[in-house]
Amino acid sequence: MEDGRLVLLGVTQEQHADRCRLFAQWKEFGWPILHDPINLLKSEAVPIVRAVDEHGIVRLQGPRPETFEEDFLDNSFTDDGPPSEDDHAPGMPDADALLRSAEGSGDADAWRSAGDALAIWGGIGRVDEAVEAYGKAIEIDPEDKYAWFRLGVALRMRHESPGRRDGDFQAAVDSWSRALSIDPNQYVWRRRIEQYGPRLAKPYPFYDWVVQARAEISARGETPIALSEEPSGSEIAAPVREVIVEGAPPVNPDPDGRINRDATRLIEAEVVVIPPRVRPGEAARVHVYFRPSSTRSAYWNNESTPLQLWTSAPEGWTVDTPLMEAEPGVGAESSETRHLDFEVRIPPSTSGTARLDAFALYNVCEQAGGTCLFLRKDLTIEIPIGSEGR
């Protein structure tokens, strides 16, 4: 308020701070928004509204707009006085001091606190240490639901960084699912999984607003906040009630398997299944990442047929997009990661581990300006059947 009687402060549970900044820019929020990607507040749902007085004391939880002025703004609250200089809130936590304190302590809370400091304040350069610290907490207390969730956040952070490791994204989803299995009432954690999961489990499309936001911000003469990780696929997909194959059935682009295999692994593939375990009769979202091998100086050839992914559905299965095609890169050659994701519904009678055969076709060059080849990579996608989170 202009008279200074009320100050607004927001806290977002978003994994990506820049997406929150874009949304705030779009809606022209005029108040600070703090970023809590690891759920330090331990919120089970959002939004949560609290009224905090000048002494730092929460006076109202879920205040009613119609009586807010009377209940809070016009009220006089007393305390022992404002905090003294010796009683001020602590500043940035010392991650190294917390690590030293956790070493040899056998205390899961100490290791989780060290992981929190590293994940929030250490930057991407210390994400490996955050992953290790959360892992130590879980070794000591396998039921530490907060450590499991925050481990997933740190793993996803690393997945999006130059220091990514194969399996980080799947391990992140596994960790979030484990946290949710310990506490199934955690709305915030459930939404984090649903963000990347099947449309059948989605309450709404999570980031379909991004295109509209950018257009309206640009129309105002402003430059939209840049996003480090562009939302796509499952993140912008709308919910559905059934997995449906749209249009005419596609044609297998290599039915006889005659195209040469990528024997030297010029392109590496990584598969992520969400949820990590699927109940019989339900759906999963399968993410496939394709990366040119840096050790072999491989590049995409963008002047020929684009990357295609073909999935062969067994009897009784439904795959929503049996044949997918990736957008080509910029220029004649490029080395970016390409990501395709599709949905599959498993028959109710399935048990054990379901397997789905797929293959990718792509044009790849052994070096920039070097020999370019049209190759095939065969994939076996394994989908464990059973209860989620275990």
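The following exercises, with worked solutions, concern strand β13 and the disulfide in a predicted model.

**Exercise 1.** Determine which strands pair with β13, and in what sense.

*Solution.*
Step 1. Strand β13 covers residues 353-365.
Step 2. Strand β7 (residues 299-301) is joined to β13 by 2 bridges, and these strands run antiparallel. Here W300 lies opposite V364 of β13.
Step 3. Between strand β8 (residues 308-312) and β13 there are 5 bridges, again antiparallel. In this pairing T311 stands opposite A358.
Step 4. Strand β14 (residues 372-384) pairs with β13 in the antiparallel sense over 13 bridges. A358 of β13 also faces L379 in β14.

**Exercise 2.** Explain why β13 is described as largely enclosed by the rest of the structure.

*Solution.*
Step 1. A residue counts as buried when its relative accessible area is under 20%.
Step 2. In β13, 10 of the 13 residues are buried, so the strand is largely enclosed by the rest of the structure.

**Exercise 3.** Identify the cysteines joined by a disulfide and state whether each is buried or partly exposed.

*Solution.*
Step 1. Recall that a disulfide is a covalent bond between the sulfur atoms of two cysteines.
Step 2. A search of the whole structure yields 1 disulfide. The bond links C365 to C372, with an S to S distance of 2.0 Å.
Step 3. The angle about the S-S bond is 85 degrees, and the link of C365 and C372 is right-handed.
Step 4. C365 has 0% relative accessibility and therefore counts as buried.
Step 5. C372 has a relative accessible area of 35%, so this residue is partly exposed.

Key. Residues are numbered from 1 along each chain as its sequence is written. This is a predicted model: local features need pLDDT of at least 70, side-chain atom pairs count only at pLDDT 80 or more; totals for chains, interfaces and linings use all residues. Side-chain values use heavy atoms; hydrogens and water are left out. Buried means under 20% relative accessible area, exposed over 50%, partly exposed in between (1.4 Å probe, protein chains only). Helices (H or I, at least four residues) and strands (E, at least two) are DSSP runs, numbered from the N terminus. Two strands pair if DSSP finds at least two bridges between them. A disulfide is a pair of cysteine sulfur atoms within 2.5 Å.
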